[in-house]
Amino acid sequence: MLNPVTLAVNADELIKLALKEDITSEDVSTNAVMGERVEGRVQLICKQDGIICGLPVFERVFKILDASTQIGFCVNDGDKVAKGQLLAEVKGDIRVLLSGERTALNYLQRMSGIATYTSQLVKLLEGSKTKLLDTRKTTPNMRIFEKYAVKVGGGVNHRYNLSDGILLKDNHIGAAGSVKKAVQLAKSYSPFVRKVEVEVENLEMCREAVEAGADIIMLDNMSPEEMAKAVKLIDGRALTECSGNITKENIQSIISTGVDFVSSGALTHSAPILDLSLKNLSPCR
C-alpha cells in the first residue's frame, strides 16, 4: 500500500506542521550563537542495532528548511544497521542543521523503531503462512510514516483509514442488531469489488459471519484453542485474521491455529525508538 513515492507526495505538509510545532517564531538558541550563514557538516550515527527507516523523511526536514542542504547516505531504508555505524553526513547552513536536528531525528528514530520491532515479529512467523498486519492504532498525524515503517520492516498494511475498507467491529454489530444484519447491510451498501470484514468474539458469532457471507473474519481476543476451532469452522470460506494484545512474546502461539493474518497494534503504539544521533558538527574548511 505505502511506498517511497506515496510517502513523498503526502508527507510535506505533515513535516511542515512538525517544524512549526518546534519553531513558532525562531530558534532562539541557534540564532544566539550563529548570526549569519556558515557552512557546516554533521554526522548521523547509529547508537543501537536495528533496521533503519525514514531516511527520505529525515532528508526532507532539512530540505524544507533549506533546499541547498546536501545529505550523503551510507545506507538505504530497510538496511540492518549497527551501533557505532556512520549512516549519513549532512552538509549545509549550520543554522539549518541545528534547527532541523530534533524534528529529523524524531521521525527517523520513531520510524526505525517501528521497522525494527516489525522485523522481529515477522521473523517469529517465518515458516508459516501467517502474515503480520498493522492497525489504525497510530499516533495522530503520524499514520503515513508509521505504516510505511511497518512495510519497511516486512509487515503488511491493513486498511489505511476508515475510507479504505469495511471492518465491522463490535459496536457496528451492536448498531445493526446482529452479525448477519451488519454483513448484509455492508454488502448492500458497498460496491461488489470491496470486501467485508467482520470482527467476532466467539464461535457462535463466527458461524453467523460465515453464513452471512463475510469475506474476512477477525477472531478478536480468542485463545489459541478457540482460534483453531474457528479456523476449522470457517474451513476456507473466508480469510481469517486474529487480533487482541498480540506482542513479540506471544505471537508464535498463533502459528499453529492456521490463521491467514495476525494484526498487532503494538507495532505502532508500543515499538521503542531506535537510538540515533547527530554528532560531530563542525564548520566546513
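Let's start at Glu199, which, leaving aside residues up to four places away in sequence, touches Leu167, Leu168, Lys169, Asp170, Ile173, Met205, Met218 and Asp220. Please keep in mind throughout that this is a predicted model.

**Around Glu199**

Glu199 belongs to strand β8, which covers residues 196–200. Is Glu199 buried or exposed? With a relative accessible area of 4%, Glu199 counts as buried, because the cut-off for that class is under 20%. One of the residues that Glu199 touches is Asp170, and here the side chain of Glu199 reaches the backbone nitrogen of Asp170 at 3.3 Å.

For contrast, take Ser223, which sits in the loop between β9 and α9 (224–234). Ser223 has a relative accessible area of 26% and is partly exposed. Looking along the chain, Ser223 and Val5 are 218 residues apart, and their C-alpha atoms are separated by 40 Å.

The two residues can be set side by side:

| Residue | Relative accessible area | Class |
|---|---|---|
| Glu199 | 4% | buried |
| Ser223 | 26% | partly exposed |

**The largest pocket**

Rolling a probe the size of a water molecule over the atoms shows where empty space is left. In this model the largest pocket holds about 400 Å³ of space. Which residues are closest to its centre? Out of 25 lining residues, they are Thr135, Lys137, Lys169, Ser243 and Ser263. Three elements give two or more residues each to this lining: β9 (216–220), β10 (239–243) and α10 (266–269). As for chemical character, the lining of the largest pocket is made up of 12 polar, nine charged and four nonpolar residues. Lys169 also brings us back to the opening, since Lys169 is among the residues that Glu199 touches.

**Aromatic pairs**

A pair of aromatic rings is described by the distance of the centres and the angle of the planes. The model has three aromatic pairs. One of them joins Tyr107 and Phe145, at 4.7 Å centre to centre with 50° between the planes, and is tilted. Why does this pair tie together separate parts of the chain? Tyr107 lies in helix α4 (residues 94–124) and Phe145 in helix α5 (residues 143–152), so the pair links parts that are 38 residues apart in sequence. Tyr107 and Phe145 are both buried. Elsewhere, Phe58, Phe62 and Phe73 are linked into a cluster by ring pairs.

How values were computed:
Residues numbered from 1 in each chain as written. Predicted model: local features only at pLDDT ≥ 70, side-chain atom pairs only at ≥ 80, totals over all residues. Heavy atoms only, no water. 1 Å grid on protein atoms, 1.4 Å probe; cavity = no way out; pocket = protein on both sides within 12 Å on 5 of 7 lines; lining within 4 Å. Points joined across faces, edges and corners; volume = space filled by probe spheres on them. Helix = DSSP H or I, 4+ residues; strand = E, 2+ residues; numbered from the N terminus. Nonpolar A, V, L, I, M, F, W, Y, C, P; charged D, E, K, R; others polar. Buried < 20%, exposed > 50% of the residue type's maximum accessible area, 1.4 Å probe, protein only. Polar contact = N/O pair within 3.5 Å; in protein donor to acceptor, adjacent residues only side chain to side chain. Contact = heavy atoms within 4.5 Å. Phe/Tyr/Trp six-rings, centres within 6.5 Å; stacked < 30°, edge-to-face > 60°.
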